[in-house]
Amino acid sequence: MTRDEVLEKTKTVIRDCFPDMEGMELAEDTVINTDTGIDSMGFVLIICKLEALFDVRIPERQWQKLSTLGDVIDAIMKRLPKA
């Protein structure tokens, strides 16, 4: 799976969880909590859904280091099986 595919699927998950964000531009440099207004519980929901979608596990201790959408994509890409 390419980085762009992971990015697009991640954007879809975010918009599914927060329908009021439809139309908001989400880029790799988007800061999740400040640019989107997603709180910590919303962030946990997104991470859990992404883990299920991509069949990966991101350790909870790393969650606090994920501030931008790009950081989340990096964490997922690092854990995806190599093709």
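**Figure 1. Thr2 in the segment before helix H1.** In this predicted model, Thr2 counts as partly exposed, because its relative accessibility is 43% and that class lies between the limits of 20% and 50%. Thr2 belongs to the segment that precedes H1. The view also includes Ser40, which is 38 residues from Thr2 along the chain. The C-alpha atoms of Thr2 and Ser40 are separated by 28 Å.

**Figure 2. Thr36 and its surroundings in helix H2.** Thr36 is part of helix H2, which comprises residues 32-36. The relative accessible area of Thr36 is 15%, and this residue is therefore classed as buried, the limit being under 20%. From its side chain, Thr36 reaches the backbone nitrogen of Ile38 at 3.3 Å. When neighbours within four places in sequence are left aside, the residues in contact with Thr36 are Met21, Met24, Leu26, Thr30 and Val31.

**Figure 3. The crossing of helices H1 and H3.** Helix H1 spans residues 3-17 and helix H3 spans residues 40-54. Their axes come within 10 Å and cross at roughly 135 degrees. H1 and H3 are therefore described as oblique to each other, and their crossing is right-handed.

**Figure 4. Residues at the contact of H1 with H3.** On the H1 side, the contact is made by Val6, Lys9, Thr10, Val13, Ile14 and Cys17. H3 contributes Leu45, Ile46, Lys49, Leu50, Leu53 and Phe54. How do the residues of this contact divide into nonpolar, polar and charged? Nine are nonpolar, one is polar and two are charged.

Definitions and conventions: Residues are numbered from 1 along each chain as its sequence is written. This is a predicted model: local features need pLDDT of at least 70, side-chain atom pairs count only at pLDDT 80 or more; totals for chains, interfaces and linings use all residues. Side-chain values use heavy atoms; hydrogens and water are left out. Helices (H or I, at least four residues) and strands (E, at least two) are DSSP runs, numbered from the N terminus. Buried means under 20% relative accessible area, exposed over 50%, partly exposed in between (1.4 Å probe, protein chains only). A polar contact is a pair of N or O atoms within 3.5 Å; within protein, one must be able to donate a hydrogen and the other to accept it, and residues adjacent in sequence count only if both atoms are side-chain atoms. Contact means heavy atoms within 4.5 Å. Axes are lines fitted to C-alpha atoms, for helices over the stretch in contact, and angles run from 0 to 180 degrees between N-to-C directions. Angles under 35 degrees count as roughly parallel, over 145 as roughly antiparallel, 65 to 115 as roughly perpendicular and the rest as oblique. A crossing is left-handed if the near helix is turned anticlockwise from the far one by less than a right angle, and right-handed if clockwise. Ala, Val, Leu, Ile, Met, Phe, Trp, Tyr, Cys and Pro count as nonpolar, Asp, Glu, Lys and Arg as charged, and the others, Gly among them, as polar.
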